[in-house]
Each structure stands twice: as structure tokens, then as C-alpha cells.
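Student: Could you take me through one part of this model up close, the empty space inside it, and then work outwards from there?

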Amino acid sequence: MRYLVPDDYMADPAVHLFNGKLYIYPSHDWESGVAEDDTGDHFNMKDYHVFSLDDVENGKVADHGVVLDVKDIPWAGRQLWDSDVAHKNGKYYLYFSLKDKNDIFRLGVAVADRPEGPFKAQPDPIRGSFSIDPCVFEDNGSHYIYYGGLWGGQLQRYNLKNKAYENGGTYPANNESAIPSRVAKLSGDMLQFAEEPRPVALLDKGGSPITASDNNRRFFEASWMHKYNGKYYFSYSTGDTHFLCYATGDNPYGPFTYQGVILTPVVGWTTHHCITEYKGKWYLFHHDSVPSGGKTWLRSLKVTELKYNNDGSIQTIEGSLKI
């Protein structure tokens, strides 16, 4: 297990192989002075850096500097949260979550000619977008965007038809299906949804939906999708119970059947990750708050090898709860 950027606080990694190198796209934590609360106002990020490396376990990490700043996003309000990047036809597309001037989280897009940026933001957010934590997954020539997060991520404000509740939001009863993340295919130009976003159904092994009271298994935030041996692996954070879990399915839309825990709780409130293959090995990139002494808003990037069993199940990694 290795910390990747020991001299700064970075979190929420998305990692991709472009042009023979791994590129890391994290959010950037800092001491903004905002008081800690349950809606995450203290996660008051204002810019993105890009990092690259050519050896996961021992290689030097290169910092390509600030590639997008909140002041350069025309529709920006505050809080530049999680992002992801995709490549198509020589262009690189950075998908990010940011509150607009009405304090509503939207998904935005910024475009670059190189994986290390800099990125130029589009003048408006994606039409019909809401909530946080975009993840973009390419499959058979199509790109799919997964997103959503509860509590401060505002996903509870929208019904399954993606319309905002008039009363500002609601949570299901304990025995009802948990609030699902969303997935939509992206348009050919990579700048909009190509369809109405769909709920990502999470089922137990008996085929029943994971319920709202099942805090150890239900979706909270941090969607990630990868494919292994022909199976689709949807992984996510359970939020207030601090697990990284995964579920598997037969196509990008699901439904996905819960399989188990990838990572047990670590120091810090949030747990956010990505899973990437590189040079024949699989790696889990994530973060914790050990270097900051447990400050939940000052997190540090880590990487560790991820291993599969012969049946395709993922071996659980024990998180450290010691500072």
C-alpha cells in the first residue's frame, strides 16, 4: 500500500491508462475554514490537478498542476467535487460535479487535447444532470456515465423519473428499496446525456432489492464501473458505514447483484475509489485521512493491489483504522 501525493491532500481518484501512462484525476482538498457538517460543506474544493506515473508500485508521480479552477467555470457556484475523464477521437473529456449558482449540484464537462490538460469548461452543465460523483465507462464503442450521492450529494431530492421533489427531498422507508444511483449513455459528442438516466438496481443474491435500512450494502455515493472476464462490476461506497462494496451484472445498465466488500473502513468519513488494470495487475486507488491526523476534509491518495479469486469474486482488503 502506497501514498501517492504525500505533499498535498488529494481524494476521490479516477485513474486511466492513456498513451502508455496512468493518469490520476482526483479532487483537491484544502483548509478552506468551512465548519464540518453532515451535508459536506467543509469539502469546499476549488480546483483540480492531474498526476501521472509509469510504475504503480515504485514510480515517481508527476504533478501536472492545476488543470481546471472553479473561477474558470462559467456556471460555477461552489464545491468542486469528484470527477472522471474519458477519451474519444483525440479529445479528453473531464466530467465533474459542482454546485451551480443556486447551490444545486450539477454535472459539468471540460475538454482538453491532452490527458494532462488543461481543460476548458463548457458554458453550461449537462442538461438534466444532478447530484455528484460521475464515473464514465466505455463499452463496445459507447460511453456510459454513472453518478449520484446521498445527503450532501442531493440524490434524495429526485424521484426515479429524475424530477425534483417539490418538498426538497425524501428518503424511502426502511423496508423499501434504497435510493439508486443513475446511469445514462452519453451522446456522440460526449457533452450531453443521450437518453433519460436510468436507476441502477442493486439486488441481493435472492433477487430482492437492497433496502434503505441495509446501510452496510446500500448505495450511498462513489460509483465506479469496470469489467473483468466479461462481467460488469459496479462498485460504490456505503457512506455512513464506510465500506466499499461491489455488485456484478451482465450489462452496463444492470441490474447488479451484491457480492461483497472490497475495502473495510479506513480513517476518515468518506470512502471513494477506482479500480484499474495496469501491466497485468489490478489496483484499488482510494484515500484516507491518516496523514492529516484524521481530518475528514484533508485526505490522501493511496494505491494497493486488488486480487480476484478463481470464481471472479474480489478479495476483501482490510482498511486501517489507526492514525
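**The cavity and its surroundings**

Tutor: Sure, let's begin with the lining. Pro13, Ala14, Asp82, Ser83, Pro134, Cys135, Ser223, Trp224, His272 and His273 line the largest cavity. Keep in mind that this is a predicted model. The cavity's volume is about 40 Å³, and a search of the whole structure turns up 1 cavity of 30 Å³ or more. As for the elements behind that lining, β2 (10–18), β6 (76–88) and β15 are the ones that give two or more residues to it.

Now the open space. The largest pocket has a volume of about 450 Å³. It is lined by 19 residues, and the closest to its centre are Val15, His16, Val136, Phe137 and Glu138. The elements giving two or more residues to the pocket lining are β2, β6, β10 (135–139), β15 and β19.

Val15 takes us on to Thr276, which sits in strand β19 (residues 273–278). A polar atom of the Thr276 side chain lies 3.0 Å from the backbone oxygen of Val15. Is Thr276 buried or exposed? Thr276 has a relative accessible area of 8%, so it counts as buried. Setting aside neighbours within four places in sequence, Thr276 is in contact with Val15, Leu22, Lys281, Trp282, Tyr283 and Phe285.

Two residues of the cavity lining, Asp82 and Ser83, are also touched by Tyr95. Not counting residues up to four places away in sequence, the other residues that Tyr95 touches include Asp84, Ala86, Gly108, Val109, Ile126, Leu186 and Met190. Pro134 and Val136 are on that list too; Pro134 belongs to the cavity lining, while Val136 is one of the residues closest to the pocket centre.

So where does Tyr95 belong in the packing? Tyr95, Phe96 and Phe119 are the residues with the most contacts inside the largest nonpolar core, which has 93 residues. Strand β7 (residues 91–100) supplies the largest share of this core, 6 residues. Apart from it there's another core, of 7 residues, with Phe43, Trp81, Phe105 and Ile132 among them.

Strand β7 also leads us to the charged pairs. Side chains of opposite charge can pair when their charged atoms come close. The count here comes to 18 salt bridges. In one of them, Lys91 pairs with Asp113, with 2.5 Å between the closest N and O atoms. This pair links distant parts of the chain, 22 residues apart: Lys91 is in strand β7, and Asp113 is in the loop between β8 (105–112) and β9 (120–121). Asp113 counts as exposed because its relative accessibility is 54%, whereas Lys91, at 34%, counts as partly exposed.

Next, take Asp240 and Arg218, which form a salt bridge with their closest N and O atoms 2.8 Å apart. Asp240 lies in the loop between β16 (231–237) and β17 (244–249), and Arg218 in the loop between β14 (202–203) and β15 (221–228), so the bridge ties together parts that are 22 residues apart in sequence. Arg218 counts as buried, at 6% relative accessibility, while Asp240 counts as partly exposed at 25%.

Strand β16 comes up again with Lys231, whose salt bridge with Asp250 has its closest N and O atoms 2.8 Å apart. Because Lys231 is in strand β16 and Asp250 is in the loop between β17 and β18 (256–263), the pair ties together parts 19 residues apart in sequence. Lys231 counts as partly exposed at 35% relative accessibility, and Asp250 counts as exposed at 60%. Some of the charged residues form a network rather than a pair: Asp41, Arg78, Lys99 and Asp103 are linked by salt bridges.

One last stop is Glu36, in the loop between β3 (21–28) and β4 (47–53). Its relative accessible area is 48%, so Glu36 is partly exposed. Beyond residues up to four places away in sequence, Glu36 touches His42, Thr296 and Trp297. The side chains of Glu36 and Thr296 are joined by a polar contact of 2.8 Å. For a sense of the span, Glu36 and Pro115 are 34 Å apart in space, C-alpha to C-alpha, and 79 residues apart in sequence.

Key. Residues are numbered from 1 along each chain as its sequence is written. This is a predicted model: local features need pLDDT of at least 70, side-chain atom pairs count only at pLDDT 80 or more; totals for chains, interfaces and linings use all residues. Side-chain values use heavy atoms; hydrogens and water are left out. A nonpolar core is a set of buried Ala, Val, Leu, Ile, Met, Phe, Trp, Tyr and Cys residues joined through side-chain atoms within 4.5 Å. Buried means under 20% relative accessible area, exposed over 50%, partly exposed in between (1.4 Å probe, protein chains only). Helices (H or I, at least four residues) and strands (E, at least two) are DSSP runs, numbered from the N terminus. Contact means heavy atoms within 4.5 Å. A salt bridge is a side-chain nitrogen of Lys or Arg within 4 Å of a carboxyl oxygen of Asp or Glu. A polar contact is a pair of N or O atoms within 3.5 Å; within protein, one must be able to donate a hydrogen and the other to accept it, and residues adjacent in sequence count only if both atoms are side-chain atoms. On a 1 Å grid over the protein atoms alone, a cavity is a set of points where a 1.4 Å probe fits but cannot get out, and a pocket is an open set with protein on both sides within 12 Å along at least five of seven lines; lining residues have an atom within 4 Å of a point. Grid points are joined across faces, edges and corners, and a volume is the space filled by probe spheres set on the points.
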